[in-house]
Amino acid sequence: MTDIELNTDYPKTKVSLADDLRKLGLKKGMTVIVHSSLKSLGWVIGGPVAVIQALMDVLTEEGTLVMPTHTAHYSDPAGWQNPPVPKEWWPVIREEMPAFDPEITPTYFMGAIVEAFRTFPGVLRSNHPTESFAAWGKNKETIINGHTLDFGLGEQSPLGKMYKMDGFTLLLGVGYDSNTTMHLAEHRIPNLKTEENAGPFYKEGKRVWETFTQVIYREELFEEIGMAYEKADYPVSIGKAGLAECKLIPQKEIVDFTMNWLLQHDKSSKPINHA
């Protein structure tokens with residue numbers, strides 16, 4: 001037996017998880033982006049498929065289920081750190097790396113639930129080499145279509161579209177450091193710091209390698225921001241799905257709070273000029 005089985009009091013099921021999600025506040029018709037850890041739920045009959053079906057059963061096709069399906073390895077090898085590759089390899093990697101394909105390219109360190117979700121019938125995935133999203137349900141086309149290459153987590157990304165729809169974020173057994181939604185706030189900071197990346201994808205049916213601009217992200221601050229958000233008594237529903245600690249958060253509130261927190265953080269971090 002694995003640790004998951006040993007630590008599970010009773011097998012979790014599609015039905016029991018759906019009940020837990022409803023108790024948490026997930027409802028029919030909601031638009032929600034899910035960040036998840038399958039292991040955190042305990043032993044689930046049917047694994048990631050059962051989890052996805054539970055989410056779909058609660059939301060129904062009147063709602064919209066979104067997940068980040070990122071592929072960080074479809075990027076410029078000059079920026080690779082885990083692990084880095086020799087500089088002399090860079091040209092051949094840029095030349096020979098297969099183009100990102102929304103239909104077939106696997107996710108990268110996004111978890112078993114996300115990897116299963118991207119292949120579900122009716123799921124639509126955006127065409128971004130590093131920061132794609134997948135969606136199912138009523139508003140999937142609106143959320144996924146038109147995802148811009150530059151600023152892939154910004155206003156013209158699925159995150160920006162969801163914000164305008166009063167979407168929600170569901171942390172399913174993961175912390176605020178996994179909350180991709182909070183990156184939207186980073187795009188709203190004046191004088192934001194950016195960097196160049198690049199990757200291969202299909203453009204009008206042909207493989208291209210294109211450079212794009214992205215924010216220098218600071219997810220290392222997200223856990224601290226999330227704790228401050230809760231301490232300030234902003235809206236968050238906290239409960240369990242299976243054995244997992246879960247949080248359901250209105251997207252607008254957490255994005256706006258994160259932006260204001262970062263503005264204050266950056267203001268207080270600036271060196272004082274005593275001249």
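Trainee: Let me start with a small one: which residue in strand 7 does Glu195 stand opposite?

Mentor: Happy to help! Keep in mind that this is a predicted model. To read a pairing, pick a residue on one strand and look across to its partner. Here Glu195 faces Gln214 in strand 7.

Trainee: How many bridges join strand 6 to strand 7, and do they run parallel or antiparallel?

Mentor: Follow the direction of each chain segment, then go through the bridges. Strand 6, residues 194-203, and strand 7, residues 206-215, run antiparallel and are joined by 10 bridges. The turn is worth a look as well: two residues lie between these strands, which form a hairpin. In that turn, Glu204 has a positive phi of about 55°.

Trainee: Now the open sheet. What is the order of its strands?

Mentor: Read the order across the sheet, not along the chain. In this open sheet of seven strands, the order is 3-4-2-1-5-9-8, and the pairing is mixed. Strand 3 (124-125) and strand 8 (237-241) each have a single partner strand, so each of these edge strands has one side without a neighbour in the sheet.

Trainee: Within that order, how many bridges pair strand 1 with strand 5, and in which sense?

Mentor: Again, compare directions. Strand 1 (residues 31-36) pairs with strand 5 (residues 168-172) in the parallel sense, over five bridges. As a place to look, His35 is opposite Leu171 in strand 5.

Trainee: Which strands does helix 2 lie across?

Mentor: For a helix on strands, ask what it crosses and at what angle. Helix 2, residues 14-24, lies across strand 5, strand 8 and strand 9 (244-250). Its angle to strand 8 is about 170°.

Trainee: On to pockets. What space lies in the largest pocket, and which residues are closest to its centre?

Mentor: Take the volume, then the lining. The largest pocket holds about 1,200 Å³ of space. Its lining has 36 residues, with His70, Ala72, Tyr108, Glu131 and Glu219 the closest to the centre. Strand 1, strand 6 and strand 7 are the elements giving two or more residues to this lining. By class, the lining of the largest pocket has 15 nonpolar, 15 polar and six charged residues.

Trainee: And what is the volume of the second largest pocket?

Mentor: About 350 Å³. Of the 13 residues lining this second pocket, Ile189, Pro190, Asn191, Arg218 and Asp266 are the closest to its centre. Helix 10 (residues 251-269) supplies the largest share of that lining, three residues. Sorted by class, the second largest pocket is lined by six nonpolar, one polar and six charged residues.

How values were computed. Residues are numbered from 1 along each chain as its sequence is written. This is a predicted model: local features need pLDDT of at least 70, side-chain atom pairs count only at pLDDT 80 or more; totals for chains, interfaces and linings use all residues. Side-chain values use heavy atoms; hydrogens and water are left out. Two strands pair if DSSP finds at least two bridges between them. Helices (H or I, at least four residues) and strands (E, at least two) are DSSP runs, numbered from the N terminus. Contact means heavy atoms within 4.5 Å. Axes are lines fitted to C-alpha atoms, for helices over the stretch in contact, and angles run from 0 to 180 degrees between N-to-C directions. On a 1 Å grid over the protein atoms alone, a cavity is a set of points where a 1.4 Å probe fits but cannot get out, and a pocket is an open set with protein on both sides within 12 Å along at least five of seven lines; lining residues have an atom within 4 Å of a point. Grid points are joined across faces, edges and corners, and a volume is the space filled by probe spheres set on the points. Ala, Val, Leu, Ile, Met, Phe, Trp, Tyr, Cys and Pro count as nonpolar, Asp, Glu, Lys and Arg as charged, and the others, Gly among them, as polar.
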